[in-house]
Every structure is written in structure tokens, then in C-alpha cells.
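Trainee: I would like to learn how to read a model like this one, moving from single residues to the whole chain. Where should we begin?

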Amino acid sequence: MTFLQLEYFRKIAEMRSLTAAANDLHVSQPAVSKVLHALEEELGCQLFIRNGRNYALSPNGEIYLRHVESVFRELDAARAEMSDPNVMTGTVTVSPHTGTGFLPQIITEFRRQYPNICIRLVKRQFSPDRATSREADLYLTVCNKALNLYSSVIDTMKLDGSVELFTEDILCGVSKRHPLAQRTSVSLRELQNENLILLPEFAVTQQIIDRCAQLHGFSLRPSIVCSEWNNIVSLIKINSGVAFLPHYSWFSPDDTDIALLRLEEPYLQRTLLCSWSESARMPRIVSLFRDALVEYYSRLSD
């Protein structure tokens, strides 16, 4: 017995016509007839009394319809209960490998709507030689499709589902005391002799920068390698070097100690992705948080 059989039986009982039921269900009449025949075979009784094109419920059909209606009422009640934010419970685990600057605001907005859902952040630095078992429901990663560069997290964790959240430029960040702070733009080649604060080479944002430099026939050498945006920002502020910063994801826009310069080379952009594994069915609370991420970042793009 299937939900489709119950739905078709209920519709025939309502319309009292096989043809009318098929039209209302937007399927062919033979398809409805086949489903009804299979249901009557399974139950071992006739559910309708046929009189030409008229289908009237048999006594057994009347009994069966009462129970079918009860099933649909229970399903409607379950749907209504699940849509009530106050009864939605559980934990959504998110592994943010990028874009963490916006997460506090996103989580705060989400929990106003779903106060009983816990958001668990697993902040673990990832490198290709440190493969781990899947530890989260959703992963925040970064890519550059034009350069075909994607986070190693996607392959290692076998994440075959993803949605693009936001695309932002990669800029050059310098202290307001640095001579370049008076400029509005700079080229990568001009930065070769600066004290560069770079990300680890496995970071996709760094790979984007390195690939763009290689396309122009040179490479960038770091003075400092740092994986934490907060530390990079602190180093820039005290004028220990210059760094490459995503336009929006890293800092407060009212930070007056850092000047941001446009980089003149093309392709210096990164796209934030929300990724997950499609091998298992996504729980509803996870899809709700994923949709909240998409909605929040779409507002930034407007």
C-alpha cells in the first residue's frame, strides 16, 4: 500500500468519477485505473460500485475512506506541527572554512525564528594531508570557478551538493600608515617586494592569488604565513606587512585603521559556497539553516 494509492482512492471518492479524478490529478485515466485496481487487489475487496462512468463507494469503500481521511488528517497535523518554530528542535552542525564574519548575525536571526534549534560550529583548520571523517551537516567553503579552484574539503568529505552564496573581490589591505594607503588600486607585481602576509598555500583564497600571479609570469613570496583572519588584520594594523583580504567577509566596514586597494589583475574574486553530502537525506532543520544562509547572502548581493 502506497501514499499514491491512498491519494488516488481519495480523489476518486471525492469526484465520483475516474475521468474527473484523473483530470484533477493531472495524470492519465489508465494510470488512475491501474493504481485503483492494484489497491483493490491488495485489500481483497471492491472499493467502488461502478455504474457507467459513475463511481460510488461500496460499503467496504466507505469504511476504508474513513481510515484514509484519518491518515491525511494526521499528516496535515504533523506538517502544521513541524512548521511551528517553537516545536522545531535538534542540532545543525556547521563547519565554516571561510566566511565566518557574517555567521554571528546569521545565527542570531535564525534563532529568533527557531529558538529551540542549536547551531553547532566546528571550527577546524583543514589541510589536504589531514583528512577527517565527515564532521558536519553543512560546510562553508570557497571557490573560483574561472580558475577551476575549489576547496579540498569538497573532495575529501565527498560533498556533492552545493549552492553559491556570495561572490566578492579580493583586495589588498594595508595600514593607514603605509605609503600605499594613499592609492586606490595596486597591481600584484608592485607588491612583490613588500612584506607580504599570506595564507597557507592550501587555502583556496591564497591559491587564487598565486594562480593570478603565475598567469602574469611571477610568484609572490611571503614574509609571514598566517591562517587566521583576526591575526592577519592585527598584523596589517601595526604595519607589519600587506595582505590580501576578501572585500566583505573579514572585517567591520567601520575599521579605520586599514586601507583597502583594488587589485588590477582579473580573476581576483572568490565565491562562498555552502556544501553538503547528498548521500544522506538532509534533515529539515539543516535545510532550514541552509536556506537562511542563502537568504542572508542574497540580501548582501542586492
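Mentor: Let us begin with what a contact is: two residues are in contact when heavy atoms of theirs lie within 4.5 Å. Please keep in mind throughout that this is a predicted model. With that cut-off, and setting aside residues up to four places away in sequence, glycine 241 touches Asn195, Ile197, Leu235 and Ile236.

Trainee: Where in the fold is glycine 241 found, and does it count as buried or exposed?

Mentor: Glycine 241 is found in the loop between helix H8, residues 229–237, and strand S11, residues 242–246. A residue is called buried when its relative accessible area is under 20%, and glycine 241 counts as buried because its relative accessibility is 7%. As for distance, the C-alpha atoms of glycine 241 and glutamate 265, which are 24 residues apart along the chain, are separated by 20 Å.

Trainee: How should I read leucine 147, and which residues is it in contact with beyond its neighbours within four places in sequence?

Mentor: Leucine 147 is found in the loop between strand S5, residues 138–144, and strand S6, residues 149–150, and it counts as buried because its relative accessibility is 9%. Leaving those neighbours aside, leucine 147 is in contact with Ile208, Arg211, Cys212, Leu215 and Tyr267. Separation in sequence and distance in space are two separate readings: leucine 147 and leucine 268 are 121 residues apart in sequence, and their C-alpha atoms are 9.7 Å apart in space.

Trainee: What can I learn from the two faces of a strand, taking strand S2 as the case?

Mentor: In a regular strand the side chains alternate between the two faces of the sheet. In strand S2, residues 54–57, the covered face holds Tyr55 and Leu57, while the uncovered one holds Asn54 and Ala56.

Trainee: How does strand S1 pair with S2, and over how many bridges?

Mentor: Strand S1, residues 48–51, pairs with S2 in the antiparallel sense over four bridges. Among the bridge partners, arginine 50 is matched with tyrosine 55 in S2, and phenylalanine 48 is matched with leucine 57 in S2. The two strands form a hairpin with two residues between them, and glycine 52 in the turn has a positive phi of about 70°.

Trainee: Which residue that is not a glycine has a positive phi?

Mentor: One of them is arginine 16, with a positive phi of about 55°, in the loop between helix H1, residues 3–15, and helix H2, residues 18–25. Arginine 16 counts as partly exposed because its relative accessibility is 45%. Lysine 158, which is not a glycine either, has a positive phi of about 55° and lies in the loop between helix H6, residues 152–156, and strand S7, residues 161–175. Lysine 158 is exposed, with a relative accessible area of 60%.

Trainee: What can be said about the overall form of the protein?

Mentor: The protein has nine helices and 13 strands. Its radius of gyration is 29 Å, well over the 19 Å that the globule rule gives for 302 residues, so the protein is more spread out than a compact globule. Along its principal axes, the C-alpha trace spans about 90 × 40 × 35 Å. Buried residues make up 45% of the 302 residues, and of the contacts between residues at least 6 apart in sequence, 75% join residues at least 24 apart.

Key: Residues are numbered from 1 along each chain as its sequence is written. This is a predicted model: local features need pLDDT of at least 70, side-chain atom pairs count only at pLDDT 80 or more; totals for chains, interfaces and linings use all residues. Side-chain values use heavy atoms; hydrogens and water are left out. Buried means under 20% relative accessible area, exposed over 50%, partly exposed in between (1.4 Å probe, protein chains only). The radius of gyration is taken over C-alpha atoms; the globule rule is 2.2 Å times the number of residues to the power 0.38. Two strands pair if DSSP finds at least two bridges between them.
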